[in-house]
Amino acid sequence: MTASSRIFAEADVSASHSLMPKSGVLRRRVYLGVAAGAVFAFISASLVGAYSAKLEARNKIVQLVARANDAMQLLDREVEASRALLLGLASSPSLLDGDIREFHAQMKRTQVPTGSHLVLSDVERQIANSNTRFGADLPSLTVYKPQPDFYEKLRSAGFYVSGIIYGPVAQIRAATVSVSILDDSSDIEYILTSSLTVDRLDKIMSQLAQISGLDVIVVDHDDNILFGDDNLLDSIGIDGLNFELSADGYFGRFKYISDNDGEYFGVANVPSSVSMWNTYAIMPRDMIDGSFYKFLNLIFFSFLFFSIFCFFIYRLLKRGIENPIEDMETIVQTSQKSIDALRTGITDVRQEEHRRIAQELHDTTAQHLVAADLYLGVLERNVPSRTGGDEVVRELQVLVKRALRELRSFSFLLRPMLDSAGDMREVLKDLCEGYCERAELDCSMEIDASIGRLSPEFQAGVLKVVREALTNIHRHAAAHRVAMSFRRHVDCLYLQISDDGRGGISFPSGGSSARVGLGVVGMEQSVRSLNGTLAISDTKTGTLISVWFPFPDSAVRA
């Protein structure tokens with residue numbers, strides 16, 4: 001037995017009571033413990049807050065550099081797409097044979113972005129312009145703004161990107177992409193040019209998500225504004241923007257500079273190795289690291305409020321905590337709202353990413369496929385038929401056209417519906433008809449007239465299921481016809497989508513998942529999220545997808 005045990009064993013009741021702390025002492029210990037914990041929490045929160053503010057400033061700088069880099073990549077992809085198109089046209093047999101009239105007709109048939117046009121020139125003047133009729137009086141190249149090392153770079157690199165110039169024929173301001181066509185003596189015989197109008201550049205840059213307080217400016221090699229606020233750049237003074245690689249190893253360049261009024265800005269710069277243009281991402285300094293200095297002031301005032309807060313904590317502990325269950329319920333409800341908001345935000349981000357991917361597929365990959373088709377056309381006309389190579393070229397042309405059609409269908413399915421919150425019948429009709437038109441399929445639809453506008457969550461879930469079904473048909477079915485019906489029964493919605501493709505799939509499959517792909521799994525998860533049931537059956541003439549959704553009153557939008 002220990003000494004303390006013997007003492008308590010030998011002591012009487014009154015002595016034992018005298019060893020216990022008084023109730024007032026116990027309360028003071030509790031209050032001191034709570035106060036010490038609160039002080040520790042306040043100091044810890046202050047340190048964490050200061051670190052977070054500095055980290056936020058660093059992240060803003062990284063964000064600036066990333067935004068400048070993203071903008072330049074968008075422009076470089078557009079320049080490269082224009083270059084690929086020009087190189088395809090440069091191999092045209094009519095141009096190589098000197099048939100300028102036929103090549104002019106080919107230029108007019110070539111698809112280019114809205115507002116852009118194609119020009120064929122020799123070293124002195126334009127000789128064909130897709131904006132004019134053949135034989136029209138075209139200007140000399142001397143009327144255009146001189147570009148540095150224009151002919152030298154065309155001879156050495158065969159490629160040149162100009163700054164902003166004024167085109168007197170189309171009467172537009174635009175940058176140009178040019179490729180050279182050399183004669184037998186390696187001198188420039190023709191120059192083939194495509195324009196990138198200011199409106200086209202604005203459309204390209206609009207693909208960047210807007211960030212409050214952040215401005216993006218693009219200038220050419222003569223410091224002429226291609227995109228952005230010229231007043232802001234003038235106030236900063238472009239002559240002072242002598243960047244060096246940042247010590248932190250960012251993939252761009254960054255520095256703080258002041259404008260004419262003494263206000264400081266953070267500026268990130270990313271130059272292009274393709275076009276020789278410069279992209280600047282600009283944000284006021286107080287939006288970058290101002291939160292850190294504001295936080296220091298906040299700590300001082302927070303300490304005063306903290307003292308008052310501790311007093312109320314003391315009063316709260318003295319009187320006891322009232323209605324704890326109600327407070328917990330409030331916290332749970334707030335957390336649930338935060339979760340719902342996060343789920344909605346994730347869905348919005350996913351749809352925006354799908355829209356961006358679909359736009360890039362349409363604007364870049366599709367252009368490359370068109371250029372490849374032009375190359376194959378040239379190759380077909382130059383391959384002797386006796387070798388059998390012309391048959392291979394024609395098969396390649398069929399494959400390229402099929403890939404282009406499938407690319408357009410897939411990009412349409414990726415792109416969110418413009419009015420996905422509208423009338424359910426109209427949205428389904430637009431989705432199905434748009435898909436079938438791009439995939440060159442026959443389409444029939446039967447939608448119950450009693451189905452109108454549904455709640456946003458329910459309607460988005462149904463559209464996700466339909467989109468996934470159409471995607472699976474596009475990828476795997478090799479179908480020629482798609483039929484869809486959407487009917488309402490008393491307390492449920494019944495969706496059917498059928499095709500005349502290869503079939504050979506069923507779900508559920510009796511416990512075996514060997515024949516079920518990720519597309520079916522994703523569709524089943526979407527249906528289950530709406531408390532629905534999915535069934536897929538092989539009809540011997542294709543595949544039938546059947547979905548039952550419960551239709552509670554809450555699904556109808558007032």
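In the predicted model, Arg285 is positioned over the face of Tyr256, 3.9 Å from the ring centre. A comparable arrangement involves Arg83, whose charged end sits over the ring of Phe159 at 4.2 Å from its centre.

Contacts between aromatic rings were also examined. A search of the whole structure returns 5 aromatic pairs. One of these joins Phe458 and Phe549 in an edge-to-face arrangement, with 6.1 Å from centre to centre and 70 degrees between the planes. The two residues lie 91 residues apart, Phe458 in helix 14 (residues 456–477) and Phe549 in strand 16 (residues 543–550), and the pair thereby links distant parts of the chain. Phe458 is buried, with a relative accessible area of 8%, and Phe549 is likewise buried, at 0% relative accessibility.

Strand 16 also contributes Trp548, which pairs with Tyr494 of strand 14 (residues 492–499). The ring centres of Tyr494 and Trp548 are 5.1 Å apart and their planes meet at 20 degrees, so the pair is classed as stacked. Because Tyr494 and Trp548 belong to these two strands, their pairing ties together parts that are 54 residues apart in sequence. Tyr494 is buried, with a relative accessible area of 12%, whereas Trp548 is partly exposed at 36%. Elsewhere, ring pairs connect Phe150, Tyr151 and Tyr160 into a cluster.

At the level of the whole protein, 15 helices and 16 strands are present. Of the 558 residues, 39% are buried. Among contacts between residues at least 6 apart in sequence, 61% join residues at least 24 apart. The protein exposes about 31,700 Å², of which carbon and sulfur atoms supply 56%.

Conventions:
Residues numbered from 1 in each chain as written. Predicted model: local features only at pLDDT ≥ 70, side-chain atom pairs only at ≥ 80, totals over all residues. Heavy atoms only, no water. Helix = DSSP H or I, 4+ residues; strand = E, 2+ residues; numbered from the N terminus. Buried < 20%, exposed > 50% of the residue type's maximum accessible area, 1.4 Å probe, protein only. Contact = heavy atoms within 4.5 Å. Areas by Shrake-Rupley, 256 points an atom, 1.4 Å probe, with all protein chains shown as cover. Phe/Tyr/Trp six-rings, centres within 6.5 Å; stacked < 30°, edge-to-face > 60°. Lys NZ or Arg CZ within 6 Å of the ring centre and 35° of its normal.
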